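This report goes through the model shown below, taking its strands, its helix and its cores in turn.

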Amino acid sequence: MRFIASLLITFLPIFSIAQEALDTIILVSNRKLICNVKSVSSSKVTILKKGAAAPEELSRKQIHKILYANGRVEKFNDLAFKMIDETNFQSVVITTNPADVDGLYIYGKVESVSGKNSKNAKSAEKNARIRLQRKAAALGANYVLVTKSESRGGYREVPTHYYEGVAYGFEPPKNENQTPH
């Protein structure tokens, strides 16, 4: 009887190791990934999804926090959408810095021109910015990298503003013509 008890005490830790505890990654888009976190570097997090053979890398910019299986929590970034619905145009971030969209997926090219009823250059730019955000939101994008921004109109002319950019998102694109950046 003692022999059986000593065998159980000896091999019980080995059986508990065989059951693999999984970590949970919460992305800034509030999507959850159940996986094993293999390593965390200054710019990337390497993970292995359950049932996958090859590890994947995620940019730290995409991660809100990691809930490790041992109970530890590591926070990286704030959630992208706290009070604003993801489909709302106001949640689309407009940037001119290419590093802000590094690791995100390309959703397509977007452009906008302000309306003809703008009173000054500032209101024309704001109108064009809102139109750009709405077009990006219609594509399901979260970011727009502005590639061209130009104001038109001079003395006694109606001011207009023109934006051109590329829409990006956190999730893989649903259309086959959209590619990761």
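## Pairing in the N-terminal strands

Two strands are said to pair if DSSP finds at least two bridges between them. The model is a predicted one, and in it strand 2 is joined by 5 bridges to strand 3 (residues 44–49), the two running antiparallel. The connection between strand 2 and strand 3 is a hairpin of 3 residues, and within this pairing serine 39 has threonine 46 of strand 3 as its bridge partner.

Strand 2 (residues 32–40) also pairs with strand 1 (residues 23–27), again in the antiparallel sense, over 4 bridges. Here isoleucine 25 stands opposite leucine 33 of strand 2. The hairpin of strand 1 and strand 2 has 4 residues between the strands, and in this hairpin asparagine 30 takes a positive phi near 75 degrees.

## Histidine 64 and its surroundings

Histidine 64 belongs to strand 5 (residues 63–67). Is histidine 64 buried or exposed? Its relative accessibility is 10%, and because buried means under 20%, histidine 64 counts as buried.

Leaving aside residues up to four places away in sequence, histidine 64 touches Ile26, Leu27 and Val28, together with Lys75, Phe76, Asn77, Asp78 and Leu79. A polar atom of the histidine 64 side chain lies 2.5 Å from the backbone oxygen of asparagine 77. Although histidine 64 and isoleucine 25 are 39 residues apart in sequence, their C-alpha atoms are 7.7 Å apart in space.

## The four-stranded sheet

An open sheet of 4 strands has the order 7-9-10-8, with mixed pairing. Strand 7 and strand 8 are its edge strands, each pairing on one side only, and the twist averages 30 degrees from one strand to the next. Strand 9 and strand 10 run antiparallel and are joined by 9 bridges, among which valine 146 has glycine 165 in strand 10 as its partner.

## Helix 2 across the sheet

Helix 2 lies across strand 7, strand 8, strand 9 and strand 10, running at about 145 degrees to strand 8. Its 19 residues should span 27 Å at 1.5 Å a residue, and the C-alpha atoms at its ends are 27 Å apart, so the expected and modelled spans agree. Asparagine 120 caps the N-terminal end of helix 2, with a side-chain oxygen 3.2 Å from the backbone nitrogen of lysine 122, while just after helix 2 glycine 140 takes a positive phi of about 85 degrees.

Which residues of helix 2 are buried? They are Ala124, Ala128, Leu132, Gln133, Ala136 and Ala137. In general, an α-helix has 3.6 residues a turn, so residues three or four places apart point the same way. The cover over the buried residues of helix 2 includes strand 7 (93–95), strand 8, strand 9 and strand 10.

## Nonpolar cores

The largest nonpolar core has 14 residues, of which Leu132, Ala136, Val144 and Ala167 touch the most other members. At least two residues of this core come from each of strand 8 (105–113), helix 2 (121–139), strand 9 (143–152) and strand 10 (160–169), and the largest share, 4 residues, comes from helix 2.

Valine 144 illustrates how these elements meet: not counting residues up to four places away in sequence, valine 144 touches Leu132 and Ala136, as well as Val92, Val93, Ile94, Thr95, Val110, Gly165, Val166 and Ala167. Apart from the largest core lies another, of 12 residues, which includes Ile25, Leu27, Ile47 and Leu58.

Terms used: Residues are numbered from 1 along each chain as its sequence is written. This is a predicted model: local features need pLDDT of at least 70, side-chain atom pairs count only at pLDDT 80 or more; totals for chains, interfaces and linings use all residues. Side-chain values use heavy atoms; hydrogens and water are left out. A nonpolar core is a set of buried Ala, Val, Leu, Ile, Met, Phe, Trp, Tyr and Cys residues joined through side-chain atoms within 4.5 Å. Buried means under 20% relative accessible area, exposed over 50%, partly exposed in between (1.4 Å probe, protein chains only). Contact means heavy atoms within 4.5 Å. A polar contact is a pair of N or O atoms within 3.5 Å; within protein, one must be able to donate a hydrogen and the other to accept it, and residues adjacent in sequence count only if both atoms are side-chain atoms. The expected span of a helix is 1.5 Å times one less than its number of residues. Axes are lines fitted to C-alpha atoms, for helices over the stretch in contact, and angles run from 0 to 180 degrees between N-to-C directions.
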